[in-house]
Amino acid sequence: MPGISLDGVFQKLNHLLLEATKARTPFTILQLATVDGAGAPKVRGVVVRQVEDGKLSFITDLRSPKAKEISEQALVALSAYDADKSVQLRIEGSALINADEMRRKEFWDNLRAHTHHLFNSSISPGAELPQPEDTPTMGIQAHSPGSGELYEHFGLVDVTVGRFDWLDLSSYPHQRCQFTRNHDSWKAIWVAP
Ligand SMILES: Cc1cc2nc3c(=O)[nH]c(=O)nc-3n(C[C@H](O)[C@H](O)[C@H](O)COP(=O)(O)O)c2cc1C
């Protein structure tokens with residue numbers, strides 16, 4: 001019996017990514033890799049917030065090292081592993097810190113107050129603290145008139161995907177395929193796992 005088609009994998013992959021934006025799934029936290037100014041790799045988890053037309057978006061603090069890294073080198077990679085499905089998803093793409101003010105504001109307005117409060121620190125992510133409880137805040141209540149100050153630090157990052165790499169270890173032989181963007185379409189191939 002023939003297995004899943006490349007088209008079937010592509011649909012499944014996009015469906016799983018979309019589901020990851022609606023509920024917590026193994027693909028909700030993607031490990032994002034960037035490189036710093038010295039060419040050193042950096043990796044950390046981010047929450048995928050939106051998936052649309054081969055583009056995925058996450059939010060971050062504009063003062064964070066990753067924001068600087070992205071603005072200096074747009075090429076990024078992301079990865080996640082779904083242990084229940086035994087599937088690894090790898091993504092390569094080009095990241096852009098959103099400058100479309102309407103989109104950024106609309107995104108912000110749709111975030112929960114709890115998420116707004118993640119931007120309430122008056123110092124940059126990664127700045128040294130004397131004690132862990134000593135993070136100075138801007139003392140702002142989310143949704144208060146002053147929450148505009150929290151918004152200042154809010155970054156919305158869009159990653160235009162150039163390639164998806166799908167590795168399925170659930171059966172033997174393992175199956176791996178890649179979807180590479182080619183203008184308005186995707187070139188799909190099976191590759192050796
Ligand atoms: C489960 C989880 C989800 C996270 N989601 C985000 C996120 O969506 N955006 C973000 O900037 N940092 C997120 N973080 C924190 C980052 O992994 C990282 O520690 C922080 O952003 C500083 O990264 P940087 O120094 O590379 O800029 C998350 C961490 C965890 C553990």
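Start by selecting the loop between strand E3 (50–52) and E4: Asp53 sits there. Bear in mind as you click that this is a predicted model. Check the backbone of Asp53, and you will find a positive phi of about 50 degrees, although the residue is not a glycine. That is worth a pause, as most residues other than glycine have a negative phi. Is Asp53 buried or exposed? Switch on a surface: Asp53 is exposed, with a relative accessible area of 73%.

Next, jump to the loop between E8 and strand E9 (185–191), and pick out His183. Here too phi is positive in a residue other than glycine, this time near 55 degrees. His183 counts as exposed, at 70% relative accessibility.

While you're in that part of the chain, select the loop between strand E7 (154–168) and strand E8 (175–182), where Pro173 lies. Look at the peptide bond from Tyr172 to Pro173: it is cis, with omega near 0 degrees. For context, most peptide bonds are trans.

Now go back and select strand E1, residues 29–35. Show the side chains and look along the strand. Which ones point to the buried face? Those are Leu30, Leu32 and Thr34, while Ile29, Gln31, Ala33 and Val35 point to the other face and are not buried. In a regular strand the side chains alternate between the two faces of the sheet.

Keep E1 on screen and add its partners. Strand E2 (residues 41–47) runs antiparallel to E1, and seven bridges join the two. Zoom in on Val35 and you will see its bridge partner in E2, Pro41. Together E1 and E2 make a hairpin with five residues between them. In that turn, click on Gly39, which has a positive phi of about 85 degrees. Then bring up strand E5 (residues 75–82): E1 pairs with E5 as well, in the antiparallel sense, over three bridges. A good place to look is Gln31, which stands opposite Ser79 in E5.

Time for the ligand. Select its surroundings and you should get Ile29, Arg44, Gly45, Val46, Val47, Ile59, Thr60, Ser64, Pro65 and Lys66. Colour them by class: five are nonpolar, three polar and two charged. Colour by element instead, and E2, strand E4 (55–61) and helix H2 (65–72) each turn out to supply at least two residues of this shell. Which element gives the most? E2 does, with four residues.

Now put some distances on the display. From Gly45, a backbone N or O atom lies 2.8 Å from an oxygen atom of the ligand. Over at Ile59, a polar backbone atom is 2.8 Å from a nitrogen atom of the ligand. For Lys66 use the side chain: one of its polar atoms lies 2.6 Å from an oxygen atom of the ligand. As for cover, the ligand exposes 610 Å² when taken alone, and the protein buries 58% of that.

Lys66 also leads to the last stop. Select H2 and show its buried residues: Lys66, Ala67, Glu69 and Ile70. Turn the view until you look down the axis of H2; these buried residues fall within an arc of 160 degrees, so they line one face of the helix. Rotate to the face turned away from that buried side, and you will meet the exposed residues Lys68 and Ser71.

How values were computed: Residues are numbered from 1 along each chain as its sequence is written. This is a predicted model: local features need pLDDT of at least 70, side-chain atom pairs count only at pLDDT 80 or more; totals for chains, interfaces and linings use all residues. Side-chain values use heavy atoms; hydrogens and water are left out. Buried means under 20% relative accessible area, exposed over 50%, partly exposed in between (1.4 Å probe, protein chains only). Two strands pair if DSSP finds at least two bridges between them. A residue is near a molecule or strand if one of its heavy atoms lies within 4 Å of it. A polar contact is a pair of N or O atoms within 3.5 Å; within protein, one must be able to donate a hydrogen and the other to accept it, and residues adjacent in sequence count only if both atoms are side-chain atoms. Accessible areas come from the Shrake-Rupley method with a 1.4 Å probe; for residues, only the protein chains shown count as cover. Ala, Val, Leu, Ile, Met, Phe, Trp, Tyr, Cys and Pro count as nonpolar, Asp, Glu, Lys and Arg as charged, and the others, Gly among them, as polar. The arc is that of the directions from the helix axis to the C-beta atoms.
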